[in-house]
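Trainee: Could you take me through one part of this model in detail, and then show me how the parts around it fit into the picture? I would like the reasoning spelled out wherever there is some to give.

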Amino acid sequence: EMVIAAAEAGLPVFCQKPMAMCSYDCHRMIQAARAHGTRIQVGFVRRFDTDWGALKSVVESGELGHPLVWRQTAGGVAPSRPFFLDRMEGGGPLIDGMVHNYDFACHCFAAPVEVTSMPTRLRADTTALDTGTVLVRFERGDSIMVSWSWGLPEGTHALSGTDVLGPNGVLYFPGSFDASRAEGQYDKQTQGAYLMVLRGGQQKVLPFPRQNMFRDEMLHFADWVSTGTDPLVQGDAGLRATRIAELALSGGGLV
């Protein structure tokens with residue numbers, strides 16, 4: 001309602017992720033913006049991060065080969081606000097948290113074609129699905145597998161890690177490999193690093209500069225509003241990620 005009201009007033013809009021809880025509402029928001037000559041920027045902040053930008057560069061380089069399988073597992077205690085595990089509000093991790101992964105995978109791999117999921121609920125005191133594994137297949141044969149849980153009790157956490165598999169090797173995300181393997185090859189004060197291991201055990205450390213992605217996201221909003229240009233992340237990206245989340249929560253289907 002707030003986005004539509006702002007659009008009807010002709011105002012540029014910044015909308016946090018997920019854009020809405022269903023794709024129908026995303027369509028309504030996009031149509032309102034178009035009808036009143038304004039634009040929506042969706043808060044997929046990873047698009048402005050040099051860390052995630054390094055991942056996209058690796059994908060585009062083709063060095064890992066094709067197809068690629070991006071995997072992530074994580075599990076722990078849910079955010080403390082009841083909002084996050086209310087089915088009608090935050091919706092749980094398969095939409096509130098994983099939507100970042102859906103969007104960035106679309107950013108790297110192009111159009112999604114199919115979603116398969118196994119959602120469940122570990123906690124009895126909430127209404128949202130708090131745990132699940134989601135697999136998204138893309139038109140060129142790439143895929144992403146995300147397995148998250150917000151259903152664990154206080155004082156516990158699950159194993160976590162993120163990597164990208166390809167026919168030529170594997171890319172390990174920061175924090176998912178033994179840091180000693182990259183010792184002395186990047187400045188830990190100002191940089192982070194990925195580790196790529198290719199055929200025959202060849203290792204490459206891929207440093208990236210650390211920066212404040214939230215600041216850069218807001219600076220971009222201010223820039224396109226003041227210059228009359230278009231935002232980098234528009235309503236179509238919000239709609240696409242929300243559609244994947246809808247399917248993930250319902251067990252899957254064709255996008």
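Mentor: What follows begins with one helix and then moves on to its surroundings.

This is a predicted model, and the part I would look at closely is helix α3, residues 50-61. At 1.5 Å a residue, the 12 residues of α3 should span 16 Å, and because the C-alpha atoms at its ends are indeed 16 Å apart, the expected and modelled lengths agree. Within α3, the buried residues are D51, W52, A54, L55, K56, V58 and V59. As for what they meet, the buried residues of α3 pack against β3, α5, β7 (161-166), β8 (169-172), β9 (191-198) and β10 (202-209). Just after the helix comes G62, with a positive phi of about 80°.

One residue of α3 deserves separate attention, namely W52. With a relative accessibility of 10%, W52 counts as buried, because the cut-off for that class is under 20%. Leaving out residues up to four places away in sequence, W52 touches R46, W70, F104, F173 and Y194. The C-alpha atoms of W52 and F208 are 9.3 Å apart in space, although 156 residues separate the two in sequence.

The loop that leads from α3 to β3 (69-75) contains P67. The peptide bond between H66 and P67 is cis, with omega about 0°. A second cis peptide bond runs from K17 to P18, where omega is near -20°, and P18 belongs to the loop between β1 and α2 (23-35).

Helix α5, one of the elements against which the buried residues of α3 pack, is itself mostly covered, with 10 of its 11 residues buried. Among these buried residues are V99, H100, Y102, F104 and F109, and F104 is also one of the residues that W52 touches. H100, which lies in α5, has a relative accessible area of 14% and is therefore classed as buried. Apart from neighbours within four places in sequence, H100 is in contact with K17, G43, F44, V45 and R46. K17 is the residue from which the cis peptide bond to P18 starts, and R46 is touched by W52 as well. After α5 comes A110, with a positive phi near 75°, a value found here in a residue other than glycine. A110 sits in the loop between α5 (99-109) and β4 (112-120); its relative accessible area is 21%, so A110 is partly exposed, given that buried requires a value under 20%.

Strand β9, another of the elements packed against by the buried residues of α3, contains L198. At 11% relative accessibility L198 counts as buried, and, leaving aside neighbours within four places in sequence, L198 is in contact with E63, L64, N168, G169 and K204. The C-alpha atom of L198 is separated by 36 Å from that of Q234, which is 36 residues away along the chain.

For a second helix to set beside α3, consider α6, residues 213-227, where 15 residues at 1.5 Å a residue should span 21 Å and the end C-alpha atoms are 21 Å apart, which agrees. In α6, M213, E217, H220 and W224 are buried. These four cover an arc of only 60° around the axis, which puts them on the same side of α6. The general reason is that an α-helix has 3.6 residues a turn, so residues three or four places apart point the same way. The buried residues of α6 pack against β1 (13-15) and β2 (40-42), whereas the face turned away from the buried side carries the exposed residues L219 and S226. At the start of α6, a side-chain oxygen of N212 comes to within 3.0 Å of the backbone nitrogen of F214, and just after the helix G228 takes a positive phi of about 80°.

Finally, there is the question of open space. The largest pocket has a volume of about 390 Å³ and is lined by 14 residues, of which E1, M2, M19, A20 and M29 lie nearest its centre. Helices α1 (2-8) and α2 each supply at least two residues of that lining.

Key: Residues numbered from 1 in each chain as written. Predicted model: local features only at pLDDT ≥ 70, side-chain atom pairs only at ≥ 80, totals over all residues. Heavy atoms only, no water. Expected span 1.5 Å × (residues − 1). Buried < 20%, exposed > 50% of the residue type's maximum accessible area, 1.4 Å probe, protein only. Arc of directions from axis to C-beta. Contact = heavy atoms within 4.5 Å. Polar contact = N/O pair within 3.5 Å; in protein donor to acceptor, adjacent residues only side chain to side chain. 1 Å grid on protein atoms, 1.4 Å probe; cavity = no way out; pocket = protein on both sides within 12 Å on 5 of 7 lines; lining within 4 Å. Points joined across faces, edges and corners; volume = space filled by probe spheres on them.
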